[in-house]
Amino acid sequence: MSTPRRIVIAGGGTAGWMAAAAMARTLGRAVTVTLVESDAIGTIGVGESTIPPIITFNRLLGINEAEFMAATQATFKLGIQFDGWKGPEDRYFHSFGLTGKDHWAAGFQHFWLDGLRRGHDAPYDDYCLELIAAREGRFAHLPDERMNYAYQLDSTLYGRFLRRMAEGDGVTRIEGRIAEVALNPDSGDIAALVLDDGRRIEGDLFLDCTGFRALLIDRALHVGFDDWSHYLPCDAAVAVQTESVRPPVPYTRAIAHEAGWQWRIPLQHRAGNGIVYCSRYMDHDAARERLLSTVEGQVLTEPNMLRFQTGARRKQWHRNCIAVGLSGGFLEPLESTSIHLIQRAILRLIRLLPGGPISPHDVAEFNDQQMTDMLQIRDFLILHYKIHERRDSAFWRQCADMEVPDSLAHRIALFRETGRVFRRNDELFAENSWVQVMMGQGIKPESHHPITARLSDEELDRLLTTLRQNIATTVRSLPPHADYVAHHCGTA
Ligand code: FAD
């Protein structure tokens, strides 16, 4: 294998342009970056809701937030509101940030649970700044980055924004359809992408960003696929864009229905909507009808029909090819983790970029880390389908009855019995996320950590009351989210 100096990116969706922009900006002249994309094929056109680590990615690239938000019509996101997941009439928030104040031995939920026992009745939600701000529709940047947030953005515009940056940094863009992936007959590595007009794009390292087509990693290199649809059974979606009928709220909505769920993502100029469903329990016409009859405002686009299979490629890096984005697998959009996995793959690749010939140890390390991320996120997603009180449709009954991975079953049992949950190996979703979702989906822990007994009634009362009051006071001081966005982007 030769030293990878020429990086070729196949595909110009969110994955392709994030990779191109990041590699050109961070690696500079150490590499040349060429991106091939087909205007005729286009991109998947969905993927609007993100999670907080995107801020790190944008900062690493030196992106100015106000410019980025204006260019992508972005709004701020403080979490996801889950409607109808625990039961058809229930609602909860999974918000970013922390709830209450952790003690080194016991998370805040233990103190809150003991408070309930001692007569406090304020909901757990009241102790999370981001959650209350989201519910009140308020937002501002706070000193010391006290407000943990992400964005809701137009992914097509994000792609264009990154393309401008990447081309400015020297990335070469080639428009054309890849007709063939040529392999080196001796090594089995990818030698070149051959376009349908005969052009040949040679490279040392190839990033497969061709989306679900997975032209390089799957069709050319056949790495195999782990199917996770027995855990994550939704396999289809319909998406439409609608006009905005109200000021954008700083959160995404995930609204459960009898065979899956629907998203609503408010941007500055429009809203993104989609229905995700399991085709065993709902057909396309019913899904489309349900979506169109429940969206708010005039529909601006033709319904975009998408089929997918949840799961992951067995190897994300094989030979001189790395899958980035949907080509590497898909976990379903419920917790907005796909763009995050793209970001993780790109930054991981930059860290492991070979200085000489590709080392099998680098490849193994990359595959292990990327798969660990996916498995951890997979468990968190399965939790939403497994734990609930819905028995009103065959879909939800099937989900409630499914076997889940041992790692998740253990986590659920531990929390149910003791209120304890632990973040493992720096996983994406920390304790706060697990507690909010487990309690939101209906688990009420049977006990709590005994250390809370160290606090007298007065001390516990002071702790709980002060925390709530501070959050309520801070939230009251925040401007309405829509005003803040307009001011921040210079459109007020
Ligand atoms: P694509 O956008 O499909 O891009 C593929 C690229 O490859 C295109 O440029 C295409 O032209 C090119 N290409 C393909 N074949 C060829 C060829 N033969 N020759 C030349 N070029 C070719 N993610 C989130 O983080 N948040 C969300 O809220 C979210 N919602 C989603 C909802 C649904 C229903 C689905 C299915 C996904 C969602 N995702 C979400 C995932 C998100 O859409 C993707 O992770 C993201 O758009 C990246 O896609 P991609 O770049 O891998 O693929």
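**View 1. The pairing of strand 9 with strand 10 and with strand 8 in this predicted model.** Leu193 has Ile201 as its bridge partner in strand 10, and this pair belongs to an antiparallel pairing in which strand 9 and strand 10 (residues 200-202) are joined over three bridges. Four residues lie between the two strands of this hairpin, and Gly198 takes a positive phi near 95 degrees there. Strand 9 (residues 190-195) is also joined to strand 8 (residues 178-183), with which it runs antiparallel, by five bridges. Within that pairing, Ala182 has Ala192 of strand 9 as its bridge partner. Strand 8 and strand 9 likewise form a hairpin, here with six residues between them, and Gly188 in the turn has a positive phi of about 85 degrees.

**View 2. An open sheet of six strands.** The strands of this sheet follow the order 7-2-1-11-20-19, and their pairing is mixed. Which strands stand at the edges? These are strand 7 (172-175) and strand 19 (317-318), and because each has a single partner strand, one side of each is left without a neighbour in the sheet. Strand 1 and strand 11 (residues 205-208) pair in the parallel sense, over four bridges, and Val8 stands opposite Phe206 in strand 11.

**View 3. Positions that UniProt lists as "binding site".** The unreviewed UniProt entry gives Gly12, Gly13, Thr14, Ala15, Leu326 and Ile339 under this heading. Although these positions span 328 residues in sequence, no two of their C-alpha atoms are more than 13.8 Å apart, so they gather at one spot. Gly12 lies in the loop between strand 1 (6-10) and helix 1, and because it has 27 C-beta neighbours inside 10 Å, where 20 or more are required, Gly12 counts as buried. When residues up to four places away in sequence are not counted, Gly12 touches Trp17, Leu35, Glu37 and Gly159. Gly13 is found in the loop between strand 1 and helix 1, and Gly13 is buried too, with 25 other C-beta atoms within 10 Å. Leaving aside neighbours within four places in sequence, Gly13 is in contact with Thr43, Ile44, Gly159, Cys209, Gly211 and Gly325.

**View 4. The shell of residues around the ligand.** The ligand is surrounded by 39 residues, of which the closest are Gly11, Gly13, Gly47, Gly211 and Gly325. The elements that give two or more residues to this shell are helix 1 (14-27), strand 2 (32-37), strand 16 (271-277) and helix 9 (338-351). How many residues of the shell are nonpolar, polar and charged? The shell divides into 16 nonpolar, 19 polar and four charged residues.

**View 5. Lys77, which UniProt lists as "active site".** This annotation comes from an unreviewed entry. Lys77 has its place in strand 3 (residues 75-77). Is Lys77 buried or exposed? Lys77 is buried, with 31 other C-beta atoms within 10 Å. Not counting residues up to four places away in sequence, Lys77 touches Ser49, Thr50, Tyr149, Ala150, Tyr151, Gln152, Pro250, Tyr251 and Thr252.

**View 6. The surroundings of Gln309.** Gln309 is placed in the loop between strand 17 (304-307) and strand 18 (311-313). Because it has 13 C-beta neighbours inside 10 Å, Gln309 counts as partly exposed. Apart from its neighbours within four places in sequence, Gln309 is in contact with Asp227, Ser229 and Asp235. Gln309 and Ile471 are 162 residues apart in sequence, and from C-alpha to C-alpha they are 42 Å apart in space.

**View 7. The contact between domain 1 and domain 2.** The chain is divided into domain 1, which takes in 6-75 + 152-228 + 310-374, and domain 2, which takes in 100-126 + 377-476. The C-alpha centres of domain 1 and domain 2 lie 36 Å apart, and ten residues of domain 1 are in contact with seven residues of domain 2. Helix 10 (residues 360-386), with three residues, gives the most to the side of domain 1 that touches domain 2. The residues of that side divide into four nonpolar, three polar and three charged.

How values were computed. Residues numbered from 1 in each chain as written. Predicted model: local features only at pLDDT ≥ 70, side-chain atom pairs only at ≥ 80, totals over all residues. Near = placed C-beta within 6 Å. Nonpolar A, V, L, I, M, F, W, Y, C, P; charged D, E, K, R; others polar. Domains from an automatic or database assignment. Contact = placed C-beta atoms within 7 Å. UniProt positions renumbered as here; feature names shortened; annotations may be inferred. Buried ≥ 20, exposed ≤ 12 C-beta atoms within 10 Å, placed from the backbone. Pairing = 2+ DSSP bridges.
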